[in-house]
Amino acid sequence: RRTSEIGIRMALGAERVNVVRMVIGHAALLTAIGLDAGLPLALYGGLELHSMLYGLSSFDSTAILASAVTLVMVAGIAAWLPARRAAAVDPMTALRYE
């Protein structure tokens, strides 16, 4: 969806590193927003489901940390693939995209 924007940026002199940084930075921002919203909801959900959790505490920090780390790793991989593809785009091809 951002092919023309990336093409214009590269045609104006943006380096491939800057394009990769832009794409990964946008994904990192979305991941941070998701973690900021999801962690309090997960803690609240643990409190609400405490009676159903047999042998576990409602604040299992290991599970919450493992899920947050997994989310960041998956988001990083999911951002790296399109960032690498965006950096390899030819500016003239991108400008003719639409």
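**Helix packing in the predicted model**

At 48% relative accessibility, Ala11 comes out as partly exposed. This is a predicted model, and Ala11 has its place there in helix H1. Although Ala11 and Leu95 are 84 residues apart in sequence, their C-alpha atoms are just 8.6 Å apart in space. Setting aside neighbours within four places in sequence, the contacts of Ala11 are with Pro91 and Leu95. Pro91 and Leu95 both fall within helix H4, which covers 91-95.

Next comes the packing of helix H1, residues 3-11, on helix H2, residues 16-48. The axes of H1 and H2 lie 10 Å apart and make an angle of about 150°. That angle is over 145°, so the pair counts as roughly antiparallel. In passing H2, H1 makes a right-handed crossing. On the H1 side the meeting residues are Glu5, Ile6, Arg9 and Met10, and on the H2 side they are Arg16, Val19 and Met22. Sorted by class, this contact has four nonpolar and three charged residues, with no polar ones. Between the two helices runs a loop, and Gly13 is found in it. Gly13 is exposed, its relative accessible area being 53%. Measuring along the chain, Gly13 and Arg1 are twelve residues apart, and in space their C-alpha atoms are 20 Å apart.

H2 itself has 33 residues. From its first C-alpha to its last, H2 reaches 48 Å, close to the 48 Å expected at 1.5 Å a residue. Its buried residues are Val19, Val20, Met22, Val23, Ala27, Thr31, Leu35 and Gly46, and the partners they pack against are H1 and H3. Two of these residues, Val19 and Met22, also turn up in the contact with H1. Gly34, another residue of H2, is partly exposed at 38% relative accessibility. The C-alpha atoms of Gly34 and Leu71 are separated by 9.4 Å, with the two positions 37 residues apart along the chain.

Then there is the pairing of H2 with helix H3, residues 61-87. Here the axes come within 9 Å and cross at roughly 155°, which makes H2 roughly antiparallel to H3. As with H1 and H2, the crossing of H2 past H3 is right-handed. H2 brings Arg16, Val19, Val20, Val23, Ile24, Ala27, Thr31, Leu35, Leu39 and Leu43 to this contact. From H3 come Ile64, Ala68, Leu71, Val72, Ala75, Ala79, Trp80, Ala83, Ala86 and Ala87. By class that amounts to 18 nonpolar residues, one polar and one charged. The charged one is Arg16 and the polar one is Thr31. Arg16 and Val19 appear in this contact and in the one with H1 as well. An α-helix has 3.6 residues a turn, so residues three or four places apart point the same way. The H2 list includes such a run in Ala27, Thr31, Leu35, Leu39 and Leu43.

H3 has 27 residues and spans 38 Å from first C-alpha to last, close to the 39 Å expected at 1.5 Å a residue. Buried in H3 are Ala68, Ala75, Ala79, Ala83, Ala86 and Ala87. These buried residues pack against H1 and H2, and they are also listed in the contact with H2.

Last, Arg96 is found in the segment after helix H4. With a relative accessible area of 61%, Arg96 is exposed. In sequence Arg96 and Ala32 are 64 residues apart, while their C-alpha atoms are 34 Å apart in space.

Terms used: Residues are numbered from 1 along each chain as its sequence is written. This is a predicted model: local features need pLDDT of at least 70, side-chain atom pairs count only at pLDDT 80 or more; totals for chains, interfaces and linings use all residues. Side-chain values use heavy atoms; hydrogens and water are left out. Axes are lines fitted to C-alpha atoms, for helices over the stretch in contact, and angles run from 0 to 180 degrees between N-to-C directions. Helices (H or I, at least four residues) and strands (E, at least two) are DSSP runs, numbered from the N terminus. Angles under 35 degrees count as roughly parallel, over 145 as roughly antiparallel, 65 to 115 as roughly perpendicular and the rest as oblique. A crossing is left-handed if the near helix is turned anticlockwise from the far one by less than a right angle, and right-handed if clockwise. Contact means heavy atoms within 4.5 Å. The expected span of a helix is 1.5 Å times one less than its number of residues. Buried means under 20% relative accessible area, exposed over 50%, partly exposed in between (1.4 Å probe, protein chains only).
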